[in-house]
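Here is a walk through the model, one region at a time. Keep the viewer open while you read.

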Amino acid sequence: MKLKQLESTLSSIQEFSKPSIALEQYATSPHIAANMLYTIDTVYDDIENKMVLDLGCGPGILGIGASILGAGYVLGIDIDSNALQIAKENSESFDVDEIMDFVRTDVCLWNNANDEEF
């Protein structure tokens, strides 16, 4: 997919209806998202058939874009259930919901006591 086509496709993603200042929510523009994803895909060959983790996914623009570019699986994580609902609806409207899952959690509370460093 060409860069401009990706940007155009991403421009129809539903954004936050009421961004939370406390959660520092802001929309990633289709232009920025498309450029990031296009570079990751074409320069680093790091999207197609890969697992993608979208932390702070908001309405899901990066995860959906990765799905469109052929990601094998995308996991979107956010603390805001309203944002996750929008992301879920967006993934369904782009017909990529079969390879996307969403989890509501606060990554700041993750306990790494059992993590092992390599």
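## Ground rules and helix 3

Helices here are DSSP runs of H or I with at least four residues, numbered from the N terminus. Bear in mind that this is a predicted model.

With that in hand, take a look at helix 3, which spans 61–68. How many of its eight residues are buried? Six of them are, so to call this helix mostly covered is fair, given that buried means under 20% relative accessible area. The buried set is made up of Ile61, Gly63, Ile64, Gly65, Ala66 and Ser67. The cover over these residues includes helix 1, helix 2 and helix 4, along with strand 1, strand 2 and strand 3. Right after helix 3 comes Gly70, with a positive phi near 105 degrees.

## The sheet

The sheet is open and has three strands, in the order 1-2-3, with parallel pairing. Strand 1 (51–55) and strand 3 (100–104) sit at the edges with a single partner strand each, so each has one side without a neighbour in the sheet. From one strand to the next, the twist averages 15 degrees.

If you zoom in on strand 1 and strand 2 (residues 73–78), you will find five bridges holding to the parallel sense. Val52 is placed opposite Val74 of strand 2. Helix 4 (residues 81–93) packs on this sheet and touches strand 2 and strand 3. The direction of helix 4 makes about 175 degrees with that of strand 3.

## Two pockets

The largest pocket comes to about 470 Å³ in volume. It has 23 lining residues, and the closest to its centre are Leu55, Gly56, Cys57, Gly58 and Asp78. Strand 1, helix 3 and strand 2 are the elements that each give two or more residues to this lining. What is the lining like by class? It holds 13 nonpolar, five polar and five charged residues.

The second largest pocket has about 200 Å³ of space. Of its 14 lining residues, Leu37, Ile40, Val52, Leu53 and Leu62 are the closest to its centre. Here the elements with two or more residues in the lining are helix 2, strand 1 and helix 3. Which of the elements gives the most to the lining of the second largest pocket? That is strand 1, with five residues. By class, this lining has ten nonpolar, one polar and three charged residues. Val52 thus turns up again: this residue, opposite Val74 in the sheet, is also among the residues closest to the centre of the second largest pocket.

## Two asparagines

Asn49 and Asn90 make a handy pair to click through. Asn49 is in the loop between helix 2 (30–42) and strand 1. Is Asn49 buried or exposed? It counts as exposed because its relative accessible area is 64%, and the cut-off is over 50%. Leaving out residues up to four places away in sequence, Asn49 touches Gly70, Ala71 and Gly72. So Gly70, the residue with positive phi after helix 3, is one of the contacts of Asn49, where contact means heavy atoms within 4.5 Å. Thr39 is ten residues from Asn49 along the chain, and their C-alpha atoms are 16 Å apart.

Asn90 sits in helix 4. At a relative accessible area of 3%, Asn90 is buried. Its contacts, again not counting residues up to four places away in sequence, are Ile13, Gln14, Pro59 and Ile64. Ile64 is also on the list of buried residues in helix 3.

## Helix 1 and two loop residues

Gln5 belongs to helix 1 (residues 3–10). With a relative accessible area of 44%, Gln5 is partly exposed. Gln5 and Ala34 are 29 residues apart in sequence, yet 8.9 Å separates them C-alpha to C-alpha.

To finish, check two loop residues for their backbone. Glu24, in the loop between helix 1 and helix 2, has phi near 55 degrees, a positive value in a residue other than glycine. Glu24 is exposed, at 64% relative accessibility. Asp95, in the loop between helix 4 and strand 3, is not a glycine but has a positive phi of about 60 degrees. Asp95 counts as exposed, at 65% relative accessibility.

Technical notes
Residues are numbered from 1 along each chain as its sequence is written. This is a predicted model: local features need pLDDT of at least 70, side-chain atom pairs count only at pLDDT 80 or more; totals for chains, interfaces and linings use all residues. Side-chain values use heavy atoms; hydrogens and water are left out. Two strands pair if DSSP finds at least two bridges between them. Axes are lines fitted to C-alpha atoms, for helices over the stretch in contact, and angles run from 0 to 180 degrees between N-to-C directions. Buried means under 20% relative accessible area, exposed over 50%, partly exposed in between (1.4 Å probe, protein chains only). On a 1 Å grid over the protein atoms alone, a cavity is a set of points where a 1.4 Å probe fits but cannot get out, and a pocket is an open set with protein on both sides within 12 Å along at least five of seven lines; lining residues have an atom within 4 Å of a point. Grid points are joined across faces, edges and corners, and a volume is the space filled by probe spheres set on the points. Ala, Val, Leu, Ile, Met, Phe, Trp, Tyr, Cys and Pro count as nonpolar, Asp, Glu, Lys and Arg as charged, and the others, Gly among them, as polar.
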